[in-house]
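Work through the exercises below with the model open. Each task is followed by a solution in steps.

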Amino acid sequence: MCPSWWLWPLVAVCAADVYREEAERIMQDTPVIDGHNDLPWQLLKKFNNRLQDEAANLTTLADTHTNIPKLRAGLVGGQFWSAYVPCDTQNKDAVRRTLEQMDVIHRMCEMYPETFLCVTSSAGIRQAFQEGRVASLIGVEGGHSIDSSLGVLRALYHLGMRYLTLTHSCNTPWADNWLVDTGSDEAQSQGLSEFGQRVLREMNRLGVMVDLAHVSVATMKAALQLSTAPVIFSHSSAYSLCAHRRNVPDDVLLLVNETGSLVMVNFYNDYVSCSRVANLSQVADHLDYIKKVAGAGAVGFGGDFDGVTRLPTGLEDVSKYPDLIAELLRRNWTEAEVRGALAENLLRVFEAVEQVSNNTQAAAEEEPIALEQLGTSCRTQYGYSDAPTLRRQPGALLASLAPLVFSLRLL
């Protein structure tokens with residue numbers, strides 16, 4: 001005899017509870033490492049980074065996707081906090097602004113030591129897991145933050161930066177961004193310029209993960225082919241499921257597979273469903289798809305919480321991670337695959353980046369970017385005028401003098 005119709009909803013609820021309980025069991029010793037969270041940007045906008053403001057208390061912080069109780073509920077064990085400054089700081093105060101955002105991340109760890117542990121290595125992440133704290137790392141979101149300076153790149157590394165997103169939604173003088181693929185921006189570097197290649201090599205030498213979220217497809221391919229270590233997409237999804245140029249196309253996913261790299265899936269509705277609305281199941285579709293094309297080792301999570309205005313139903317804030325893991329288990333992901341997506345894939349990539357750095361014998365990259373490739377309206381030119389190899393070529397010098405000569409003729 002068939003069960004009564006009223007039993008089926010109860011059966012469904014019980015099954016859902018089983019998957020949720022299994023998700024929590026797995027996450028107790030393999031908590032999620034999220035690749036991208038913009039809480040520091042919210043702290044700047046709301047409080048000008050004044051963490052002692054009563055309203056900025058991270059245990060009671062309202063109107064954000066992230067606070068300490070939500071992180072605990074979401075079983076978040078590792079977080080790359082984004083040191084983000086907008087593209088309009090390029091050629092202005094980008095470095096200063098970036099330093100301030102890195103500073104507020106360090107101060108979060110100082111003010112809430114029972115919750116956050118600022119770390120700079122894969123071993124540090126594992127230590128935080130053991131201590132039940134959130135491993136807190138810094139990702140600098142946008143190559144404009146180094147102001148085309150290898151010295152600034154090295155300084156940010158020493159201050160704790162462990163990934164650099166090569167561009168945000170604007171070109172740098174040495175790398176092209178995703179808007180090139182929409183036709184909104186013109187390609188300047190055809191991917192990576194010669195100086196951009198030096199930046200990438202120096203990142204490999206230092207042990208900074210190369211992040212390809214926000215870059216053009218040409219930049220993706222150039223970086224994947226040049227890097228001697230795996231790379232990451234800290235917050236991007238699958239182009240074949242949502243044809244947005246911020247997402248990763250299939251031919252690049254194949255390169256991700258070949259290089260042992262990682263795509264950390266973004267939860268922004270516009271990148272998940274290509275519309276203003278989305279749901280948790282559609283995010284799981286992206287995870288499924290990347291697993292199918294690039295392999296289970298290529299999947300991670302980069303929610304973009306507090307950096308976006310629209311999130312899927314069921315993933316409204318960082319507390320919802322166990323529900324997403326339960327959905328993957330419902331879709332027959334193995335426990336090993338789930339643990340990989342939660343943390344082990346990122347740890348593998350990070351350890352490979354560290355190993356490449358440890359094994360690199362090359363000296364630091366020193367050749368600076370050519371002066372004529374920089375926006376010079378607010379710049380001094382110290383070093384360029386005296387260094388023989390950095391003097392302008394005659395043609396470039398004549399070109400720069402042409403407007404002056406023309407204006408004198410008009411007088």
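The exercises go from the whole chain to strands, core, pocket and backbone.

The model is predicted: local features need pLDDT of at least 70, side-chain atom pairs count only at pLDDT 80 or more, and totals for chains, interfaces and linings use all residues. Residues are numbered from 1 along each chain as its sequence is written, and side-chain values use heavy atoms, with hydrogens and water left out.

**Exercise 1. Describe the protein chain as a whole.**

Step 1. Count the elements: the secondary structure comes to 14 helices and nine strands. Helices (H or I, at least four residues) and strands (E, at least two) are DSSP runs, numbered from the N terminus.

Step 2. Assess burial: 54% of the 411 residues count as buried. Buried means under 20% relative accessible area, exposed over 50%, and partly exposed in between (1.4 Å probe, protein chains only).

Step 3. Look at contacts, which are heavy atoms within 4.5 Å. Among the contacts with a separation of 6 or more, 71% are between residues 24 or more positions apart.

**Exercise 2. Place strand β4 (residues 134-141) among its partners.**

Step 1. Check burial: eight of the eight residues of β4 are buried, so this strand is largely enclosed by the rest of the structure. Val-134, Ser-136, Ile-138 and Val-140 point one way, while Ala-135, Leu-137, Gly-139 and Glu-141 point the other way.

Step 2. Find the pairings; two strands pair if DSSP finds at least two bridges between them. Strand β2 (residues 76-84) runs parallel to β4 and is joined to it by seven bridges, with Ala-83 opposite Val-140. Strand β3 (residues 116-118) is also parallel to β4, over three bridges, and Cys-118 stands opposite Ser-136. Strand β5 (residues 161-165) pairs with β4 in the parallel sense over four bridges, with Met-161 opposite Ile-138.

Step 3. Trace the connections. β3, helix α5 (residues 122-131) and β4 form a right-handed β-α-β unit; β4, helix α6 (residues 150-158) and β5 form a right-handed unit as well. A crossover is right-handed if, with the strands pointing away from the viewer, the path from the first strand over the helix to the second runs clockwise.

**Exercise 3. Do the same for strand β8 (residues 262-265).**

Step 1. Sort the side chains: Leu-262 and Met-264 point one way, Val-263 and Val-265 the other way, and all are buried.

Step 2. Identify the partners. Strand β7 (residues 232-233) pairs with β8 in the parallel sense over two bridges, and Ile-232 stands opposite Leu-262. The chain passes from β7 through helix α9 (residues 250-259) to β8 in a right-handed β-α-β crossover. Strand β9 (residues 299-301) is parallel to β8, with three bridges between them, and Val-299 stands opposite Val-263.

**Exercise 4. Which residues of the largest nonpolar core touch the most other members?**

Step 1. Apply the definition: a nonpolar core is a set of buried Ala, Val, Leu, Ile, Met, Phe, Trp, Tyr and Cys residues joined through side-chain atoms within 4.5 Å.

Step 2. Of the 118 residues in the largest core, Phe-116, Leu-212 and Phe-301 touch the most other members. Helix α13 (residues 335-359) gives the most to this core, with 10 residues.

Step 3. Take Leu-212 and leave aside its neighbours within four places in sequence: among its contacts are Leu-166, Met-220, Val-231 and Ile-232.

**Exercise 5. Locate the largest pocket and the helix that gives the most to its lining.**

Step 1. On a 1 Å grid over the protein atoms alone, a pocket is an open set of points where a 1.4 Å probe fits, with protein on both sides within 12 Å along at least five of seven lines; lining residues have an atom within 4 Å of a point.

Step 2. The largest pocket holds about 330 Å³ of space. Of its 21 lining residues, the closest to the centre are Asp-38, His-168, Asp-304, Gly-307 and Val-308.

Step 3. Helix α2 (residues 39-47) gives the most to the lining, with three residues. Seven of the nine residues of α2 are buried, and what covers them includes β1 (32-37), β2 and α4 (94-111).

**Exercise 6. Where does Asp-63 lie, and is Asp-63 buried or exposed?**

Step 1. Asp-63 is in the loop between α2 and α3 (68-73), and its phi is near 65°.

Step 2. At 71% relative accessibility, Asp-63 counts as exposed.

Note on methods. Grid points are joined across faces, edges and corners, and a volume is the space filled by probe spheres set on the points.
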